[in-house]
Amino acid sequence: MLRGQFFGRLCLAGTAALIAPLVTFGAPPAAGQPAPDRAATLAGQAAPGGVAAAAVPLDQLTVSTTQLAFGLQRPTAIFGLDDGSDRLLIAEKQGTIRVYHPETGLAAAPLLDIRDRVDTSGNERGLLGLATPANFAQTRTLYVSYTALPDGAVTLSRFTLDSAGQNPIPPEGEQVILSQPHSEYSNHNGGHVTFGPDGHLYWSLGDGGGSDDVLNSGQNLNTLLGKILRLDVSRSCDGRPYCVPADNPFVGTANARPEIWAYGLRNPWKFSHDLGGDGSLWIADVGQGTYEEIDHLRADQGGANLGWSCREGPQVFDPDRCQAGAQYVEPVYSYRTSTDGCAVIGGYVYRGQEYADIATGTYLATDYCSGTAFVVRPPASPGGAYATRALTELTIQPTSLGQDANGELYLVNDLPGQLHRIEFGSTAPPAACLVGYRVDQQWGTGFNATVTVTNTGTEPVSGWTVGWTFPGAQRAGTFWNATGSQSGAVVTARNASWNPSIPPGGSVTFSFLASNTGPNPAPTSFTLNGNTCG
């Protein structure tokens, strides 16, 4: 299974307009106060996205969804159990967890029901996240994050099952791990929870709500609000049901909570690690009114400052919150709030098998209002540019993307409460060539013509074959500067030994002699190495 295999390797070693089209961004700078002793965790890692991506360019990638189930009550999170059962767990805002199985569908009765302790007041409160460790079959522990009654405290807790297949899970077995007061406002709870490739639990919390970071949480290291935490939940320390990993970036730092892994976040509703890849961290941070953003951190970038509320997206939000000499990690992707969407819904890097040839290494995310699917690929080498492209609309009001144990992706939407499978596809490459065709001379029984092929792409063409179909009874014979043949009405011309390459922007010209009686109209289309030319 994807999570278990990667963890083992480390141990052993309302609809808005579509998001803007293709944009590229530079790689993020190093964050302040990284954890040096984690730099070697992933051998050979030079930059986020160091694992090779699929060969299909983003402008040829397609994304679609197929509905698998309906009847969910405002689903908020998806988690694929890595226990060989093929089960997906789906959290519902009201405080229930439902089970979906590909053979039996969506179970009617909840696996876990904690509605008696979940505060659902306001649109953003409720049961927010769930996860299990990679060794769930042995530990049998389920972790959940929710806003608790009576005052909305964001709460992380766990349930230990009698067996991995226990159903239902007794709610009275809850053990609260950590709780953060959150009474002033009902929004910006964060609440996503997941296990990283290092085996530690990561938990996101919003800035406390309101607007303009009114509590001044983002840059304040003495609060857990506006942060992503990193906890060792396999042990207990100092009377707490968790330990702080010794290599957390703020261990021993005065006036800083040692649980913090990254800060300067507004509302990190969803984030994920690139499991099966380089272990890097992708964070979708919901913006206030100007920008939605995607951040990307290396596995050794603990202590990263994402900028809120000094910055929002790529620009300064409140200069009074900016600190002299601070290092802010720039987003790798951002788009306009209220123009291209309203709330970014973070996703996953695809590492499954079904679409490995076209989508491997591609990060997929969406937006709650526009439903637009957008894809991001990191640079192939340090210092290169991130590539991103907006694709089609997936579905209305998506609230969460999810990943099963094999790396395949899923989506749930808020209303009407459906589960969808994510599917990738590819289209024919766009025209990267132009062809000029002219009849130079014709007579009663024949003609001769010249063809010029221009490479309008960005890569050289090494070895070329030009094809076309004659619209009449023309028959090509002798070729100059190429070798040619004809089958039926289809003509194929290949490079000569002395002109095999066409550089970007370059051209090659060849001629041929043909027979025909009557008019000689030009062919209507041409191909270069199988791809249609303009």
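Q: What percentage of the 534 residues of the protein count as buried?
A: The model is predicted, so local features need pLDDT of at least 70 and side-chain atom pairs count only at pLDDT 80 or more, while totals for chains, interfaces and linings use all residues. Residues are numbered from 1 along each chain as its sequence is written, and side-chain values use heavy atoms, with hydrogens and water left out. Buried means under 20% relative accessible area, exposed means over 50%, and partly exposed is in between (1.4 Å probe, protein chains only). By this rule, the buried share of the 534 residues is 56%.

Q: How many strands does the protein have?
A: Helices (H or I, at least four residues) and strands (E, at least two) are DSSP runs, numbered from the N terminus. The protein has three helices, and its strands number 40.

Q: What part of the accessible surface of the protein belongs to carbon and sulfur atoms?
A: Accessible areas come from the Shrake-Rupley method with a 1.4 Å probe; for residues, only the protein chains shown count as cover. The surface of the protein comes to about 20,500 Å². Of this surface, the part that belongs to carbon and sulfur atoms is 51%.

Q: Which strand gives the most to the largest nonpolar core?
A: A nonpolar core is a set of buried Ala, Val, Leu, Ile, Met, Phe, Trp, Tyr and Cys residues joined through side-chain atoms within 4.5 Å. The largest has 44 residues, and those with the most contacts inside it include Leu-142, Val-144 and Leu-201. With five residues, the strand that gives the most to this core is S9 (residues 141-148).

Q: How many residues are in the second, separate core?
A: Cys-433, Phe-447, Val-451 and Ala-493 are among the members of the second core. This separate core has a residue count of 25.

Q: How many of the eight residues of S9 are buried?
A: S9 is largely enclosed by the rest of the structure. That follows because the number of its eight residues that are buried is eight.

Q: How many bridges join S9 to strand S10?
A: Two strands pair if DSSP finds at least two bridges between them. S9 pairs with strand S8 (residues 127-131) in the antiparallel sense through four bridges, with Gly-129 and Ser-145 as bridge partners. S9 and S10 (residues 153-160) also run antiparallel, and the bridges that join them number eight.

Q: Which residue in the turn between S9 and S10 has a positive phi?
A: S9 and S10 form a hairpin with four residues between them. Within the hairpin pairing, Tyr-146 stands opposite Thr-155 in S10. In the turn, the residue with a positive phi, of about 80°, is Gly-152.

Q: Which are the edge strands of the open sheet of five strands?
A: The order of this sheet is S35-S36-S33-S39-S40, with antiparallel pairing. At one end, strand S39 (residues 526-528) and S40 pair over two bridges, and Thr-527 stands opposite Thr-532 in S40. Each edge strand pairs on one side only, and these strands are S35 (482-487) and S40 (531-532).

Q: How many salt bridges does the count come to?
A: Side chains of opposite charge can pair when their charged atoms come close. A salt bridge is a side-chain nitrogen of Lys or Arg within 4 Å of a carboxyl oxygen of Asp or Glu. By this rule the count is 18.

Q: How many residues apart are Arg-74 and Asp-414?
A: Arg-74 forms a salt bridge with Asp-414, and their closest N and O atoms are 2.8 Å apart. Arg-74 lies in the loop between strands S2 (61-70) and S3 (75-80), and Asp-414 in the loop between strands S28 (409-413) and S29 (418-426). Arg-74 is partly exposed at 26% relative accessible area, whereas Asp-414 is buried at 4%. In sequence, the number of residues that separates this pair is 340.

Q: How far apart are the closest N and O atoms of Arg-321 and Asp-213?
A: Asp-213 is buried, at 1% relative accessible area. Asp-213 forms a salt bridge with Arg-321, in which the closest N and O atoms are separated by 3.6 Å.

Q: Which residue forms a salt bridge with Glu-330?
A: Glu-330 is partly exposed, at 27% relative accessibility. The closest N and O atoms of the bridge are 3.2 Å apart, and the partner of Glu-330 is Arg-311.
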